[in-house]
Amino acid sequence: MQQTFQQYQDCIDACLHCASACDNCASSCLQEEHVKMMARCIQLDMECAALCYTAARLMSLGSERAKELCRLCADACDACAAECAQHQHDHCQQCAAACRRCAEACRRMAA
């Protein structure tokens, strides 16, 4: 049974906020002095953002695949949060927090 856009709204908001935080983190990491040390962070930021944007879009469409993708999105958010949390940069810490919130919202939605 399809859920409505309103039922997905909290998760959509969390996904869009997380995607934005991940994009900002990746962009900011590219400006850091030791960019090569940030390569894994940048890669996970980009992957997480892509999944978050896609999950938000599928939820907005009321897709039957939204729950499935949100489970995958939660896993990507967990990996990104774990990586970002290892770095002391503000953008990494903000990204890690957004990723943790998104993972939680995606798991609630997919349950």
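**Exercise 1. Contacts of Cys 15 and the core**

Task: In this predicted model, find which residues Cys 15 is in contact with, leaving aside its neighbours within four places in sequence, and then place Cys 15 in the largest nonpolar core.

Solution.
- Step 1. Select Cys 15 and look for heavy atoms within 4.5 Å. Skipping neighbours up to four places away, you should find Cys 52, Ala 55, Ala 56, Met 59, Cys 73, Cys 102 and Cys 106.
- Step 2. Now turn to the largest nonpolar core, which has 44 residues. Cys 15 and Met 59 are the members that touch the most others.
- Step 3. Ask where this core comes from: helices H1 (5-29), H2, H3 and H4 (90-110) each supply at least two of its residues. H1 gives the largest share, with 12 residues.

**Exercise 2. The span of helix H2**

Task: Work out how far helix H2 should reach, and compare that with the model.

Solution.
- Step 1. H2 covers residues 39-61, which makes 23 residues.
- Step 2. The expected span is 1.5 Å times one less than the number of residues, so H2 should span 33 Å.
- Step 3. The C-alpha atoms at its two ends are 33 Å apart, in agreement with the expectation.
- Step 4. Look just past the end of the helix: Gly 62 has a positive phi of about 70°.
- Step 5. For practice, repeat this with H3 (residues 66-84), a helix of 19 residues. From first C-alpha to last it reaches 26 Å, close to the expected 27 Å.

**Exercise 3. A buried acid**

Task: Find which residues of H2 are buried, then examine the surroundings of Asp 45.

Solution.
- Step 1. Buried here means under 20% relative accessible area. In H2 the residues that pass are Cys 41, Ile 42, Leu 44, Asp 45, Cys 48, Ala 49, Leu 51, Cys 52, Ala 55, Ala 56 and Met 59.
- Step 2. Pick out Asp 45 from that list and look for a partner of opposite charge. Asp 45 has no salt bridge, and the nearest oppositely charged side chain, that of Arg 40, is 11 Å away.
- Step 3. See what does touch Asp 45. Not counting residues up to four places away in sequence, its contacts are Cys 22, Cys 25, Ala 26, Cys 29, Cys 80, Cys 84 and Cys 95.
- Step 4. Compare with the buried residues of H3, which include Cys 80 and Cys 84 as well as Glu 83.

**Exercise 4. Salt bridges**

Task: How many salt bridges does the whole structure hold, and which residues are linked in a network?

Solution.
- Step 1. Recall that side chains of opposite charge can pair when their charged atoms come close. A search with a 4 Å limit between nitrogen and carboxyl oxygen finds 4 salt bridges in the whole structure.
- Step 2. One of them joins Arg 65 and Glu 68, at 3.3 Å from N to O. Glu 68 is partly exposed, at 45% relative accessible area.
- Step 3. Another joins Arg 107 to Asp 75, also listed at 3.3 Å, N to O. This pair links Arg 107 in helix H4 with Asp 75 in helix H3, 32 residues apart.
- Step 4. Arg 107 meets Asp 78 as well, at 2.5 Å from N to O. Asp 78 lies in helix H3 and Arg 107 in H4, so the pair ties together parts that are 29 residues apart in sequence.
- Step 5. Put these together: Asp 75, Asp 78 and Arg 107 form a network of salt bridges.
- Step 6. Check accessibility in the network. Arg 107 is partly exposed at 39%, Asp 75 is partly exposed at 47%, and Asp 78 is partly exposed at 35%.

**Exercise 5. The whole chain**

Task: Decide what fold pattern the protein chain follows, and test its radius of gyration against that of a compact globule.

Solution.
- Step 1. Count the elements: there are 4 helices and 0 strands, and along the sequence the pattern reads α-α-α-α.
- Step 2. For 111 residues, a compact globule would have a radius of gyration near 13 Å; the chain has 14 Å, which agrees.
- Step 3. Add the outline: along the principal axes, the C-alpha atoms fill a box of roughly 50 × 20 × 20 Å.
- Step 4. Finish with burial and contacts. Of the 111 residues, 46% count as buried. Among contacts with a separation of 6 or more, 71% are between residues 24 or more positions apart.

Conventions
Residues are numbered from 1 along each chain as its sequence is written. This is a predicted model: local features need pLDDT of at least 70, side-chain atom pairs count only at pLDDT 80 or more; totals for chains, interfaces and linings use all residues. Side-chain values use heavy atoms; hydrogens and water are left out. Buried means under 20% relative accessible area, exposed over 50%, partly exposed in between (1.4 Å probe, protein chains only). Lys and Arg count as positive and Asp and Glu as negative; His and the chain ends are not counted. A nonpolar core is a set of buried Ala, Val, Leu, Ile, Met, Phe, Trp, Tyr and Cys residues joined through side-chain atoms within 4.5 Å. The radius of gyration is taken over C-alpha atoms; the globule rule is 2.2 Å times the number of residues to the power 0.38.
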